[in-house]
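Work through the exercises below with the sequence and coordinates open. Try each task before reading its solution.

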Amino acid sequence: MPVPGPGRGRKLGNPLALAVLVLLTERPMHPYDIAQTLRRRGKDASLKINYGSLYTVVQNLQKHGFVAVEDVRREGNRPERTVFGITDAGREEMIAWLSDLLAVPAREYPIFETALSLMGVLHPDDVTALLEERLTALEVQAAAARGGLQKLTEKLPRLFLVEIEYQVHMAEAQVTWLRGLLAELHDGTLDGVQAWRHFHETGEVPPEFKDLEQQEMS
């Protein structure tokens, strides 16, 4: 099946909907069972899962014809449980959606990148202190994530944990990058840092910044 391009429109964009479709390829399930299965497999590390939102996702999938009611069950005095299964349209959408996400790099806009692009408005010493605070928090998060990954590895095959492994590596990569940036800020070797400091301490725009502005306007 051809991989759709990044411009392909989707009726649903919530990643949780994709996770639901994937699980329903295994067997029909009730939304509560879907949530429990995702948590048992550690998917709450990469998806925001709560029963209320999950039920809404299932309803939207049903509205678009991607899932359908397979059975309505009652156990004892408990309320009826509606079990959903994936449709042919849902299976086709799932394959196309997942193929798109795996094959086509999408430009994302993490808020940290935005903050980095605008940090010049703060004094370099303040930025250094803030990034040190972030580094400390990231080191704790990365260590905790790696510990959690090791525990899950004892229960699940690596196939089911690659996204958590990716998260750990990305967190550790950010830690490494931050340490390097902070070292340059501390020893003053970051290109442009002296002009940045001069601007905040004197209120005067350094000549090199003026030159950059003139280049942008030309």
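Buried means under 20% relative accessible area, exposed means over 50%, and partly exposed lies in between. By that cut-off Arg 197 is partly exposed, because its relative accessible area is 21%. Keep in mind that this is a predicted model.

**Exercise 1.** Find the salt-bridge partner of Arg 197 in helix 6, and place the pair in the chain.

Solution. Start with the side chains: Arg 197 and Asp 125 meet in a salt bridge, 2.9 Å from N to O. Next, locate them. Arg 197 sits in helix 8 (residues 193-202) and Asp 125 in helix 6 (residues 124-153), so the pair ties together parts 72 residues apart in sequence. Then classify the partner: Asp 125 has 42% relative accessibility, so Asp 125 is partly exposed. Finally, widen the view. Asp 125, Arg 197 and Glu 201 are linked in a salt-bridge network.

**Exercise 2.** Examine the contact between Arg 41 and Glu 26.

Solution. The two form a salt bridge, with the closest N and O atoms 2.8 Å apart. Both ends lie in loops: Arg 41 between helix 2 (31-40) and helix 3 (51-63), Glu 26 between helix 1 (15-24) and helix 2. They are 15 residues apart. Arg 41 is partly exposed because its relative accessibility is 22%. Glu 26, at 44%, is also partly exposed.

**Exercise 3.** Which residues make the nonpolar surface patch of about 260 Å²?

Solution. The patch is made by Val 22, Leu 98 and Leu 102. Leu 98 belongs to helix 4 (residues 88-103). Its relative accessibility is 31%, so Leu 98 counts as partly exposed.

Note on methods. Residues are numbered from 1 along each chain as its sequence is written. This is a predicted model: local features need pLDDT of at least 70, side-chain atom pairs count only at pLDDT 80 or more; totals for chains, interfaces and linings use all residues. Side-chain values use heavy atoms; hydrogens and water are left out. Patches are made of residues with over 30% relative accessible area and no salt bridge: like charges are joined within 9 Å, nonpolar side chains (Val, Leu, Ile, Met, Phe, Trp, Tyr) within 5 Å. Accessible areas come from the Shrake-Rupley method with a 1.4 Å probe; for residues, only the protein chains shown count as cover. A salt bridge is a side-chain nitrogen of Lys or Arg within 4 Å of a carboxyl oxygen of Asp or Glu. Helices (H or I, at least four residues) and strands (E, at least two) are DSSP runs, numbered from the N terminus. Buried means under 20% relative accessible area, exposed over 50%, partly exposed in between (1.4 Å probe, protein chains only).
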